[in-house]
Every structure is written in C-alpha cells, then in structure tokens.
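Thanks for coming, everyone. I'll put one structure on the screen and walk you through it, starting with a question.

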Amino acid sequence: SRRRSPEEWIRELDAVAANGKKLIFAPYCENTDWEYKVFHSHKEFTEEQKKHITELVAKVKGHPGLFGYYLADEPEGREDNPQWYSAVHKLISELDPYHPTIMLNYSIAGLKKYGTDADLLFPDPYPNYYTDGSTRHPVSEVGSLLGTASRMKPFLSCLQGFAWKSYEKNKIARAPDFVELRNNFYQAVACNTKGILYFTWEYWN
C-alpha cells in the first residue's frame, strides 16, 4: 500500500518472513493519504522519485521476507508512460539485482506495452462471473492472456478469487465457484505459469 510508511512495511516483512513466506513490495510508499505526492506523475522519472525509490530499496533489499518489487498495477488503464517504468526497473535492478521486478497487466496490449523490461509478468485475467451463469469476458481469455505472457518471459498468474462489480444492468456479480477456480488454475498451469495467486479484496463491495 502506498499509505504505509517504510517502518510499517518492515514490520509486515518481518511478519511474513516469520511465517516462511515472502511479500511483493511496491517501492512507492509515501505514508500519505490516497493522493501521491512524490509519485503523482508517471510521465517523467524525476530526481525526487529516483531518490525516494533508492532509499526504499536500501531499507528492504536484504530482508528475507522480500520476494520482489511491484512496478505497477494495470498501468494501461491510466495511459502511463512505459518509459517511466523502464527507468524504475533499470534503477531497481542496479540497486538490487537479486530480486525481480514485477509488472501486472489485464490486457494483451498492456503486456506488450509495459511488460518488456520487467523481470516477471503478472497478468490478471478476470472473467467476472454473474449469478445467471454468464461472464463479462469469455473464460477462454484467461488462457489467451496467460499464453501471451508465456511467450514473452516467465510469469506469475493473478487469478480472480472474488466477486467483481457488475458492469451490466440486471446482472449480479458473484465469486467463481470451485469448478471455475479449478478451470482458471488449469489454464495457468497449461501456460507454464511459475506461480499462482488468487486475488481477493476484502474491501470490495
């Protein structure tokens, strides 16, 4: 979370490591409210942003609870500058070559535009299930997105594990059932995923 201070992140990493797990760290935390101050723009990589990331990486890079660095969450939805993320990836790779940078995208176009420099891709294909048995996107698009990622570089899979909001009138969203969770899992394995996370959001209403 951007709203956690570095000290809070360290405590979280400590707790994760104590349980034999690892955490993906977003190197943009500012301990602010919702709005960014240092990272309000992803157009030009500023010296202030570079300094902020350098200091954060120095605090966490040797921690046993660190898995890697989260470059962005679906930047294609904001039309961010891909060169900005390339610069962040280059800096982090110089500061800490032992932990991967990770880019999450929801579209094939996003993978190709933003995923060229990240060490790991992290596509999140969500069919978005409705109570009437339909989906917003064909379930086969899970394999299409993950298959594209597999042809680019190693990737992790972020699969839908919760009820997304309804985008259509007279449709009620629901979480995927066991068969649907298994279907998505098998598609990810068939595409040679290196890891799977079922995303759930406790705050989603």
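How many of the 10 residues of helix 5 are buried? Hold that thought for a moment. First, a caveat: this is a predicted model.

Now the answer. Helix 5 covers residues 141–150, and 7 of its 10 residues are buried. So the rest of the structure largely encloses helix 5. Here are the buried ones: Val142, Gly143, Leu145, Leu146, Gly147, Thr148 and Ala149. What covers them? The cover includes two helices, helix 4 at 108–114 and helix 6 at 178–190. It also includes two strands, strand 4 and strand 6, the latter at 157–160.

Let's zoom out to the whole chain. The protein chain has 6 helices and 8 strands. Read from the N terminus, the order is α-β-α-β-α-β-α-β-β-α-β-β-α-β. The radius of gyration is 18 Å, and the globule rule gives 17 Å for 205 residues. Those values are close, so the chain is as compact as a globular protein of that length. For the extents, the C-alpha trace spans about 50 × 35 × 30 Å along its principal axes.

Next, burial and contacts. Of the 205 residues, 44% count as buried. Now take the contacts with a separation of 6 or more: residues 24 or more positions apart account for 69% of them.

Surface and charge, quickly. The protein chain exposes about 11200 Å². Carbon and sulfur atoms supply 53% of that area. On charge, there are 25 positive and 27 negative side chains. The centres of those two sets lie 3 Å apart.

On to the sheet. There are 4 strands in an open sheet, ordered 1-2-3-4, with parallel pairing. Which strands stand at the edges? Strand 1, at 23–25, and strand 4, at 120–121. Each has a single partner strand, so one side of each is left without a neighbour in the sheet.

Let's take the pairings. Strand 1 and strand 2 pair in the parallel sense, over 3 bridges. One link to look for there: Ile24 has Gly68 in strand 2 as its bridge partner. Strand 2, residues 66–73, also pairs with strand 3, residues 101–104. That pairing is parallel too, and runs over 4 bridges. You can pick out two of the partners on screen. Tyr69 is matched with Thr101 in strand 3. Tyr70 is matched with Ile102, again in strand 3. As a general point, side chains in a regular strand alternate between the two faces of the sheet.

Is strand 2 largely enclosed or largely open? Enclosed: 6 of its 8 residues are buried, so the rest of the structure largely surrounds it.

Now some individual residues. Start with Glu12, which sits in helix 1, residues 6–18. Glu12 counts as partly exposed, at 30% relative accessibility. Leaving aside residues up to four places away in sequence, Glu12 touches Arg4 and Leu23. There is also a long-range pair here. Glu12 and Gly65 are 53 residues apart along the chain, and their C-alpha atoms are separated by 8.7 Å.

A second example is Ala87, in helix 3, residues 82–95. Ala87 is partly exposed as well, at 25% relative accessibility. Its C-alpha atom is separated from that of Glu44 by 9.3 Å. Along the chain, Ala87 and Glu44 are 43 residues apart.

Last, backbone angles. Two loop residues have a positive phi without being glycine. Glu79 has a phi of about 55°. Glu79 lies in the loop between strand 2 and helix 3. With 52% relative accessibility, against a cut-off of over 50%, Glu79 counts as exposed.

The other one is Asn128, with phi near 65°. Asn128 lies in the loop between strand 4 and strand 5, the latter at 129–130. Is Asn128 buried or exposed? Buried: its relative accessible area is 4%, and the cut-off is under 20%. So of these two positive-phi residues, Glu79 is exposed and Asn128 is buried.

That's the tour. Over to you for comments.

Conventions
Residues numbered from 1 in each chain as written. Predicted model: local features only at pLDDT ≥ 70, side-chain atom pairs only at ≥ 80, totals over all residues. Heavy atoms only, no water. Rg over C-alpha atoms; globule rule 2.2 N^0.38 Å. Buried < 20%, exposed > 50% of the residue type's maximum accessible area, 1.4 Å probe, protein only. Contact = heavy atoms within 4.5 Å. Areas by Shrake-Rupley, 256 points an atom, 1.4 Å probe, with all protein chains shown as cover. Lys, Arg positive; Asp, Glu negative; His and termini not counted. Charge placed at Lys NZ, Arg CZ, Asp CG, Glu CD. Pairing = 2+ DSSP bridges.
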